[in-house]
Amino acid sequence: VVTGDFGDLSRFIKQHHCGAVAAPDDPKDFARVIADILHNQQCLRRLQKNALMVSKRFTWNTSGKILASLYADLLKKESCPS
């Protein structure tokens with residue numbers, strides 16, 4: 001994954017080292033980042049390995065549990081005391 005260096009996706013990529021970030025709104029930088037990865041087999045293999053590990057941790061099942069927990073917490077905070 002190559003994304004612009006802003007927002008949640010870029011933070012996720014940086015945290016898990018499973019992709020790369022490029023300057024936002026800069027097609028030349030996106031192309032440079034992609035070319036750098038494709039020309040560096042060691043980097044490409046590391047990103048592939050990390051992406052595979054992350055994909056096993058963030059399945060639909062685990063993501064659903066995280067989301068359900070978030071909703072439950074929000075509902076607890078929104079409810080008025082009796």
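**Exercises on side-chain contacts**

A salt bridge (a side-chain nitrogen of Lys or Arg within 4 Å of a carboxyl oxygen of Asp or Glu) joins the side chains of Arg-32 and Asp-29, with an N to O distance of 2.8 Å. The model is predicted, so local features need pLDDT of at least 70 and side-chain atom pairs pLDDT 80 or more, while totals for chains, interfaces and linings use all residues. Residues are numbered from 1 along each chain as its sequence is written, and side-chain values use heavy atoms, leaving out hydrogens and water.

**Exercise 1.** Determine which residues are linked with Arg-32 in a network of salt bridges.

*Solution.*
1. Arg-32 and Asp-29 both lie in helix α2, three residues apart, about one turn of the helix; helices are DSSP runs of H or I with at least four residues, strands are E runs of at least two, and both are numbered from the N terminus.
2. Asp-36 also meets Arg-32 in a salt bridge, at 2.8 Å from N to O.
3. Asp-36 and Arg-32 are four residues apart in α2, which means a separation of about one helical turn.
4. The network therefore consists of Asp-29, Arg-32 and Asp-36.
5. Asp-29 is buried at 14% relative accessibility, whereas Arg-32 is partly exposed at 43% (buried: under 20% relative accessible area; exposed: over 50%; partly exposed: in between; 1.4 Å probe, protein chains only).

**Exercise 2.** Classify the geometry of the aromatic pair found in a search of the whole structure.

*Solution.*
1. Rings of Phe, Tyr and Trp (its six-membered ring) pair if their centres lie within 6.5 Å; planes under 30 degrees apart are stacked, over 60 edge-to-face, and the rest tilted.
2. The search finds one aromatic pair.
3. The ring centres of Phe-12 and Phe-58 are 5.4 Å apart and the planes stand at 70 degrees, so the pair is edge-to-face.
4. Phe-12 belongs to helix α1 (residues 7-16) and Phe-58 to the loop between α3 (41-57) and α4, so the contact ties together parts 46 residues apart in sequence.

**Exercise 3.** Explain why Cys-18 forms no disulfide with Cys-43.

*Solution.*
1. A disulfide requires a pair of cysteine sulfur atoms within 2.5 Å.
2. The cysteine sulfur closest to that of Cys-18 belongs to Cys-43, and the distance of 12 Å is too far for a bond.
3. The disulfide count is accordingly zero.
4. Both cysteines are nevertheless buried, Cys-18 at 9% relative accessibility and Cys-43 at 15%.
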